[in-house]
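Got the model open in your viewer? Here is a short walk through it, one selection at a time.

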Amino acid sequence: MTPTSACACANVALAKYWGKRDERLNLPWTGSISVTLAGLETRVEMRAAAGGDDVIRFDGEPARPAEATRVSRFLDLVRLAARSRERAEVDVRSNFPVAAGLASSASTFAALALAAARAYGLVLNHAALSALARRGSGSAARSLQGGFVEWLPGTDPDGNDSFAVQLAGPEHWDLGIAVAITDEGQKKIGSREGMAIAVKQSPFFRAWLETHGADMEAIRRGIGARDLDLVGETAEHNCLKMHAASIAARPALLYWTPATLAVMHRVHALRDEGLPVYFTIDAGPQVKVLCRGADRAEVVEQLARVPGVLRVLPSAPGPGAEVSSPQ
Ligand code: DP6
């Protein structure tokens, strides 16, 4: 095995992936569109393991059994394709709160797919690499590329046509992004379990599916035209529909805390005052706010003052994943 290190950024969905038509292959019911988040990075380092098992560490600590199994099962896919039985020692480090609604699984499995393909000597084109990352976590399919990215849902039962493509590079649009962290803890119900509950137990899931295509189309158009109001208004609406469908499930999926709501209200108030700002929220309590690049510092400062906000991470459309030399 070639010792390899790879780095990938998190992403935030503007039109969300929420619901699978195939849980084993991570095949979505709908397409989704995201922006890759500069500065929110996960680095994966891989080398051959000394013993007969994979050794997985997150931020220097041994992975919990469920996490270790998920990574090992993913490596099994790569080993199968590479006809290798070699076990790996894997170090995963993120510079932002993991498993708290900040899509850490996206950057983790994008970096892991890239590192593992290289380490085991698999030569994959972009579509195949994205489809591989998807097997680890659906949203990871979108974190291999920078800027604005669309994940195509595909129709093949085997998922070979379900991968992400870049709509525009990070330089296309000076979009400002501010991530308001309201809770550093791990969420109780992760996206995987949450979306499975929403698919089966929400009377509003059908409405979510039926109206998603129009949001995709508007966001695609808005990105092309760098139209913050169109992208922001549609992304906010799409996020609220995802949460409405989830809140109406049994058991109810309520990812918001009082601080999450306080940020949402603050965003609306700032908008009423004339500042073009829009929020989106994934399966967790953090709020991502979209604004003009020139307004980002002001927005970060405003959000930092909202009661319950622990800190605000400034971001922007970020780069694609990259292989680098191990450090
Ligand atoms: C709300 O990609 O974490 O962030 O495929 O089961 O690993 P799995 O789910 P995951 O779900 C992300 C859901 C979301 C919306 C999105 O990123 O599109």
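Before we start picking residues, a word on labels: strands (E, at least two residues) and helices (H or I, at least four) are DSSP runs, numbered from the N terminus. And keep in mind that you are looking at a predicted model.

**Stop 1: proline 62**

Select proline 62, which sits in strand E6. Is proline 62 buried or exposed? It counts as exposed, because its relative accessibility is 63% and the cut-off for exposed is over 50%. Setting aside residues up to four places away in sequence, proline 62 touches Ile56 and Arg57. Now add aspartate 91: its C-alpha is 9.2 Å from that of proline 62, although 29 residues separate the two in sequence.

**Stop 2: aspartate 59**

Step back to aspartate 59, in the loop between strand E5 (55-58) and strand E6 (61-62). Check its backbone: phi is near 50°, a positive value in a residue other than glycine. Most residues other than glycine have a negative phi. Aspartate 59 is partly exposed, with a relative accessible area of 39%.

**Stop 3: serine 72 and arginine 83**

Go on to serine 72, in helix H1. This serine is buried, at 13% relative accessible area. Show its contacts beyond four places in sequence and you should find Asp54, Ile56 and Arg79. Ile56 may ring a bell, as proline 62 touches it too.

Next, pick arginine 83, in the loop between H1 and strand E7 (88-94). Here again phi is positive in a residue other than glycine, near 50°. Arginine 83 is exposed, with a relative accessible area of 80%.

**Stop 4: the second largest pocket**

Turn on a surface and select Ala128, Ala131, Leu132, Arg135 and Asn160. Of the 17 residues that line the second largest pocket, these lie nearest its centre. The pocket holds about 370 Å³ of space. Which helix gives the most to the lining? That would be H3, with six residues. Helix H1 (65-82) and helix H3 (126-136) each supply at least two residues. Colour the lining by class and you get 11 nonpolar, two polar and four charged residues.

**Stop 5: glycine 190**

Jump to glycine 190, in the loop between strand E10 (175-181) and H4. It counts as partly exposed, at 26% relative accessibility. Draw a C-alpha distance back to proline 62: the two atoms are separated by 20 Å, and the residues are 128 apart along the chain.

**Stop 6: helix H5**

Select residues 205-224, which make up helix H5. How far apart are the end C-alpha atoms of H5? They are 29 Å apart, which agrees with the 28 Å that its 20 residues should span at 1.5 Å a residue. Look along H5 for a kink of about 35°, centred on histidine 212.

Now show the buried side of the story. The buried residues of H5 are Phe205, Trp208, His212, Asp215, Met216, Ala218, Ile219, Gly222 and Ile223. So histidine 212, the centre of the kink, is also on the buried list, which is set by a relative accessible area under 20%. For the spacing of such a list, a rule helps: an α-helix has 3.6 residues a turn, so residues three or four places apart point the same way.

What covers the buried residues of H5? The cover includes strand E1 (4-15), strand E4 (32-48), strand E8 (148-151) and strand E9 (164-168). Helix H4 (191-201) and helix H6 (228-247) are part of it as well. After H5 comes arginine 226, whose phi is positive, near 50°.

**Stop 7: proline 251**

Move to proline 251, in the loop between H6 and helix H7 (258-272). Inspect the peptide bond from arginine 250 to proline 251: it is cis, with omega near 0°. Most peptide bonds are trans.

**Last stop: valine 277**

Finish at valine 277, in the loop between H7 and strand E11 (278-280). This valine is buried, with a relative accessible area of 1%. Which residues is valine 277 in contact with, leaving aside neighbours within four places in sequence? They are Val267, Leu270, Arg271, Val289, Leu290, Cys291 and Val299. For one more distance, try arginine 266: it is 11 residues from valine 277 in sequence and 9.8 Å away in space, C-alpha to C-alpha.

Definitions and conventions: Residues are numbered from 1 along each chain as its sequence is written. This is a predicted model: local features need pLDDT of at least 70, side-chain atom pairs count only at pLDDT 80 or more; totals for chains, interfaces and linings use all residues. Side-chain values use heavy atoms; hydrogens and water are left out. The expected span of a helix is 1.5 Å times one less than its number of residues. The bend at a residue is the angle between axes fitted to the seven residues ending there and the seven starting there. Buried means under 20% relative accessible area, exposed over 50%, partly exposed in between (1.4 Å probe, protein chains only). Contact means heavy atoms within 4.5 Å. On a 1 Å grid over the protein atoms alone, a cavity is a set of points where a 1.4 Å probe fits but cannot get out, and a pocket is an open set with protein on both sides within 12 Å along at least five of seven lines; lining residues have an atom within 4 Å of a point. Grid points are joined across faces, edges and corners, and a volume is the space filled by probe spheres set on the points. Ala, Val, Leu, Ile, Met, Phe, Trp, Tyr, Cys and Pro count as nonpolar, Asp, Glu, Lys and Arg as charged, and the others, Gly among them, as polar.
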